[in-house]
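Q: I'd like to get better at reading buried helices, pockets and cavities from a model. Could you walk me through one?

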Amino acid sequence: MTESKQILSVRSAAVDENLVLEFEFKGKRHHLQRPKHENLSKALTRINLNINKRGKKNSSEDTLPIEAHLTDVKTGSPVPGDTPNSQAWCTGRALVVGECYYELHINPPTVTSLTVTRCVIVDHPVVPQVELAFSDPECCSWTWRRLEGPPLNPPGGLVDLLSNSTCRSNAAVYWPTSEDRGHALVVVCVPSGKDGRLGHPAYTVTQPVEAAPPSPAIARRHLETPSPLAAGQFRVVSYNILADVYASTEYAARVLYPYCKREALDGEYRQARIVRELLGYHADVVCLQEVGARMYAEFLQPCLAQAGYKGRLQLKVGTVPEGEAVFYNTSKFECVWNDFVSLSHFLRSDPSCTDLRKALEEAPAISEGLTSRHTIVQLVVLRCLHAPHRLLCVANTHLYFHPDGDHIRLLQTELCLRYLEKALDDVVLRFRNGTVHPEVALVFAGDFNSCPCTAAYQLMARGSVPKDHVDWTKHRLPPSLYPKCTCGLVTGARGPQGQECVQPDGVAMEEELVATGRGVAVGGGVAVEGVVAVGGGVAVAVGGGVAVGGGVAVEGGVAVEGGVTDCTLDMGFQGLHLEHNFNFLSACGIPPFTNYTEKFVGTLDYIFVGLEHLEVTASVSLPSLEEVREMVALPSVHFPSDHIALVCNVSWKPSK
């Protein structure tokens, strides 16, 4: 007569060659993986070896070995040993081990992996990562407990952990409090199937909870956004959060951000800080750039969902492992449509770009530089729940990064605007009610990688750019000869990676130019007959050639470090007049900077608000130079990205 009735789980997916047996015997969890074609007798032999293992302290020659038998429930007779595992371990069978009787549960909901981040900080979210078989994350139940004893797994497993801990939360995402500081946390996951079957609980133990490093600048900004806005108003955030794929490399630690502590570049630390910062703004619309797919799925989405947001992620085209994401407050908005377009594809294929394609026939190098980019513009259309006739179109982008690419960014901006013009017309047609058209408003945010003196910014803010703007042609010059930037802290000087640079006090480090005859010499170069030499090079070309570091320029090309450029530098292309009919306002004005590193300081990020139906009522002040420079530059322990989040309040104008 058996004394106890327990469960043995059998996982046997059709695509797998092995099946997995799991059961608990005398407080120890046993996990066996056996080939499906193997005879039952071999599987039972392995089970017998496992359950009869003894340590030196409890070994005894007088103890008889325990034997396991697989029986047929109806007849009570043993299953023949030559039966393949695939047929033996099925419904209607039971495993008998001594006086323990195990019912077989076939493919029960199972947690195959449960982990948490190493970084567990007071007032910052902790998100468990779970892998499941025969279950879905939304079917799981969760329990967070504070371990009152030592932060180690005590003998006896989950039962002892539960008896030595205090329940803290039943949510999937947990925000440790100051009371948890110094304690480890236990997270327990109980998987469930769609048929209601429960699986065996799984658990893991975190590192002890640590105090959060202070961030006075962000805390001060949060004082300006203490609560959500009322109906008819909404708050917008735009934030380049620095993709982990760029921040977590050895190159980032040693070259890009050598001043930043290693632990502050860690993705687990930064993602917790990013979410904590975002939620403190009480935003209704959040536009993020450089969002990795993994961070979105495993951290941003579950954390922000708990706070009442839904989101849309759109990766860049090609193999780029990051992209743009838009989150929205579900108490104010519902998403009625979302879309995106690859700017290079839009240029190549859309009828509205016929004139651009024709003009760029004279500029094959520019055309190639534009169409080889992976840049997208994301569009999310939100319906206002308090006023369903109002639709908010949220556009989000991250333009080309290269410092010599102002002309590329200008054309990318133009492509974004042409796409949005078509998209908004489509939105009006999609959502009109008979002859009544909806109010369709536009907010266009992102990292434009363009300071305010560039043509891309001027196109957005002023509505047009002339064909003779310097950005159309300045890429033909070496960086040392770029026109000086007039945007406050940013100068025309360039750093080792080609970035525009400033000294800590904002003083330009631009080299002096010395004219020789009709030429221009820089850094000791010799210019001959109207051409330009840089860094000791001798220019011998005609028609405005440029030589750098001893290179020879040919037919108006640019030579660097002894190389010779192709002669096709689009010298015949002089620019285009561009204009649009959107009436945009930069909601946060022109900040002194939105990106601050050791090698570059400048304003690159904007929230442009269409003024036809919207008005900007406030913007949140940015950190001061002193706050940013406290730890040299960004990112740092206090700031999780090398960019600053832009935050503004917007309200709907009265309906016409």
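**Reading what is covered and what is empty**

A: Let's start with helix H12 (residues 364-371), where Ile 366, Gly 369, Leu 370 and Thr 371 are buried. Keep in mind that this is a predicted model.

Q: What covers the buried residues of H12?

A: Among the covering elements are helix H10 (343-349) and H13.

Q: How many residues of helix H14 are buried?

A: Helix H14 (residues 455-462) is mostly covered, with 6 of its 8 residues buried. The buried ones are Ala 455, Ala 456, Tyr 457, Gln 458, Leu 459 and Met 460. Their cover includes helix H13 (406-431) along with strands S20 (439-447), S21 (464-465), S27 (578-579), S28 (584-586) and S31 (605-610). Look just past the end of H14 too: Gly 463 has a positive phi of about 95°.

Q: Now a single residue: is Thr 71 buried or exposed?

A: The cut-off for buried is under 20% relative accessible area. Thr 71 has 13%, so it counts as buried. You'll find Thr 71 in strand S4 (residues 68-72). Setting aside neighbours within four places in sequence, Thr 71 contacts Gly 76, Ser 77, Pro 78, Val 79, Gly 92, Arg 93, Ala 94 and Val 96.

Q: And how do I find where empty space is left?

A: You roll a probe the size of a water molecule over the atoms, and that shows where the gaps are. Here, the structure holds 2 cavities of 30 Å³ or more. The largest cavity has about 40 Å³ of space, and its lining is made of Ile 218, Arg 221, Tyr 239, Glu 277, Pro 623, Phe 639, Pro 640, His 643, Ile 644 and Ala 645. Sorted by class, that lining has 7 nonpolar, 1 polar and 2 charged residues.

Q: Which residues line the second largest cavity?

A: Gly 232, Gln 233, Phe 234, Lys 332, Phe 333, Cys 384, His 386 and Trp 652 do. They surround about 30 Å³ of space, and by class they are 4 nonpolar, 3 polar and 1 charged.

Q: What about pockets: what volume does the second largest pocket have?

A: About 1,000 Å³. Its lining has 43 residues, and Gln 129, Gln 271, Arg 294, Glu 298 and Phe 299 lie nearest the centre. Elements giving two or more lining residues include strand S8 (129-133), helix H8 (267-280) and helix H9 (293-306). H9 gives the most, with 9 residues. The lining of this pocket divides into 21 nonpolar, 11 polar and 11 charged residues.

Conventions: Residues are numbered from 1 along each chain as its sequence is written. This is a predicted model: local features need pLDDT of at least 70, side-chain atom pairs count only at pLDDT 80 or more; totals for chains, interfaces and linings use all residues. Side-chain values use heavy atoms; hydrogens and water are left out. On a 1 Å grid over the protein atoms alone, a cavity is a set of points where a 1.4 Å probe fits but cannot get out, and a pocket is an open set with protein on both sides within 12 Å along at least five of seven lines; lining residues have an atom within 4 Å of a point. Grid points are joined across faces, edges and corners, and a volume is the space filled by probe spheres set on the points. Helices (H or I, at least four residues) and strands (E, at least two) are DSSP runs, numbered from the N terminus. Ala, Val, Leu, Ile, Met, Phe, Trp, Tyr, Cys and Pro count as nonpolar, Asp, Glu, Lys and Arg as charged, and the others, Gly among them, as polar. Buried means under 20% relative accessible area, exposed over 50%, partly exposed in between (1.4 Å probe, protein chains only). Contact means heavy atoms within 4.5 Å.
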